[in-house]
Amino acid sequence: MSAPVYLDYAATTPVDPRIAEVMARHLTMDGTYANPASRSHIAGWLAEQAVEGARRQVADLIGADPREIVWTSGATEADNLALIGFMRANRARGRHLVTSIIEHKAIIDTAMALEAEGCEVTWLTPGADGRITPDQLADAMRDDTALVSLMAVNNELGTINDLSALSEVVHARGATFHVDAAQAPGKLPLDVAAMGIDLLSLSAHKAYGPKGIGALYVKRDPDLRIEALIHGGGHERGMRSGTLPTHQIVGMGEAFAQAASEGEADRAHAAALQQRFLDGLEGLEGVHRNTDTRVSVPHIINLAFSGLDGESLLMALRGLAISTGSACNSASVEPSYVLKGIGVPRAQALASLRFSIGRFTTEADIDTAIAELRHAVPALRR
Ligand SMILES: *Cc1c(COP(=O)(O)O)cnc(C)c1O
């Protein structure tokens, strides 16, 4: 049997071979393997140079200064550092945090941990389109609101928040704006200055880089303080200690440089393939779009197949690697909290699958997906 067609790019992407090649040059004796914090020999300086080059590549994609990039192990850690690190360092500003019920678990569980520490959290419910409106955010803001955390692109739906409009509301009340942008690089233009973003979480492995590396953008502002969660050698200006993984970091840098140079082409490719997919499903009964495609990235679409159980459908679609929701939930059979969160009825949520495509998806892959669905859906309904 041939390998299944991979349509789960929102869970993770394969590493671009050009990126893997750059990474491999930063591991072995004949490469740049030294500790980038070693100041006593040239090998260390070379590693530091590689790290700083990557820091600039990441900063450039989001319109930041390299000094505003803090390396982390991924977006999960960046989210933890942003929320916990900010709320702990700014107790005097207030203990109220605003977020939404369809954020990634890295935000939801972290906000719940903060509740246990005595913070108060307002959980916003998005509209059916998966977006938080500036008006509902304005209603939730209080004098003691220190931080607002909302995502750029939802990982299950693909829907995009209007970050510029939301940041205006946050700043009008003197609060700080954090954005989980793990799904955004290469899918959406990002400009932290123009969009008014103070803290931004990033990950490499949703954008053709390696797993296990990410970053938190922390705006340079003397009033914006973050308390470290990981203590040690004082790396990353004291915000995140630990020896920097040079190979991971250059992988992320290269991935973000590619997102800058190829993101536009990737978007056009994804849009054409999504259209081909939806056209190919025309005429198949009872297919409902959970994703509002007017306000979403073309790489992700969430579809319900009415009357079916998503898990059984997943089993029937043997030739496809897809997901019933976010990968983190795939062990449980509860309906996706994101679909529930936008008001999708329980039965429809349980009948839903997420299809996510990317740089290496081909027309033939899409045609395989269409053929499998056109076969399995009516067969399972019988
Ligand atoms: C994948 C993802 C994360 C977690 O990122 P890791 O780098 O895997 O820790 C956080 N938020 C969103 C929206 C994601 O899609």
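Modeller: One term before you start: a residue counts as buried when its relative accessible area is under 20%, and as exposed when that area is over 50%. Keep in mind too that this is a predicted model.

Colleague: Okay, let's look at strand β6, residues 176-180. How many of its residues are buried?

Modeller: Start with the two sides of the strand. In a regular strand, side chains alternate between the two faces of the sheet. Here Thr176, His178 and Asp180 point one way, Phe177 and Val179 point the other way, and all are buried. So β6 is mostly covered, and the count of buried residues is five of five, going by the cut-off of under 20%.

Colleague: Which residue is the bridge partner of Met151 in β6?

Modeller: Strands of a sheet pair through backbone hydrogen bonds, either parallel or antiparallel. Strand β5 (residues 145-151) and β6 go for the parallel sense, over five bridges. In β6, the residue bridged to Met151 is Asp180.

Colleague: And how does the chain get from β5 to β6: is the crossover right-handed or left-handed?

Modeller: The chain leaves β5, runs through helix α6 (residues 163-172) and then enters β6. That makes a β-α-β crossover, and its hand is right-handed.

Colleague: What stands opposite Val179 in β7?

Modeller: β6 also pairs with strand β7 (residues 199-203), in the parallel sense and over three bridges. Across from Val179 in β7 you find Leu200.

Colleague: Now helix α12, residues 363-381. How many Å apart are its end C-alpha atoms?

Modeller: You can work out what to expect. The helix has 19 residues, and at 1.5 Å a residue it should span 27 Å. The model agrees with that, because the end C-alpha atoms of α12 are separated by 27 Å.

Colleague: Within what arc do the buried residues of α12 fall?

Modeller: First, the buried ones: Asp365, Ile366, Ala369, Ile370, Leu373, Ala376 and Val377. Look down the axis of α12 and they line one face of the helix. They pack against several elements, including α8 (246-281) and β10 (300-305). As for the arc, they fall within 155°.

Colleague: Is Val15 buried, partly exposed or exposed?

Modeller: Val15 is in the loop between β1 and α1 (17-24). Leaving aside neighbours within four places in sequence, Val15 is in contact with Ala20, Tyr208, Gly209 and Pro210. Its relative accessible area is 31%. Since buried needs under 20% and exposed needs over 50%, Val15 is partly exposed.

Colleague: What about α1: how wide an arc do its buried residues cover around the axis?

Modeller: The buried residues of α1 are Ile19, Val22 and Met23. They sit on the same side of α1, because the arc they cover is only 100°.

Colleague: Last one: α8 packs on a sheet, so what angle does its direction make with that of β10?

Modeller: The sheet is open, with three strands in the order β9-β10-β12 and antiparallel pairing. Its edge strands are β9 (287-289) and β12, each pairing on one side only. Between β10 and β12 there are five bridges, and one of them joins Asn302 to Arg354 in β12. α8 touches β9, β10 and β12, and its direction makes an angle with that of β10 of about 15°.

Notes
Residues are numbered from 1 along each chain as its sequence is written. This is a predicted model: local features need pLDDT of at least 70, side-chain atom pairs count only at pLDDT 80 or more; totals for chains, interfaces and linings use all residues. Side-chain values use heavy atoms; hydrogens and water are left out. Buried means under 20% relative accessible area, exposed over 50%, partly exposed in between (1.4 Å probe, protein chains only). Helices (H or I, at least four residues) and strands (E, at least two) are DSSP runs, numbered from the N terminus. Two strands pair if DSSP finds at least two bridges between them. A crossover is right-handed if, with the strands pointing away from the viewer, the path from the first strand over the helix to the second runs clockwise. The expected span of a helix is 1.5 Å times one less than its number of residues. The arc is that of the directions from the helix axis to the C-beta atoms. Contact means heavy atoms within 4.5 Å. Axes are lines fitted to C-alpha atoms, for helices over the stretch in contact, and angles run from 0 to 180 degrees between N-to-C directions.
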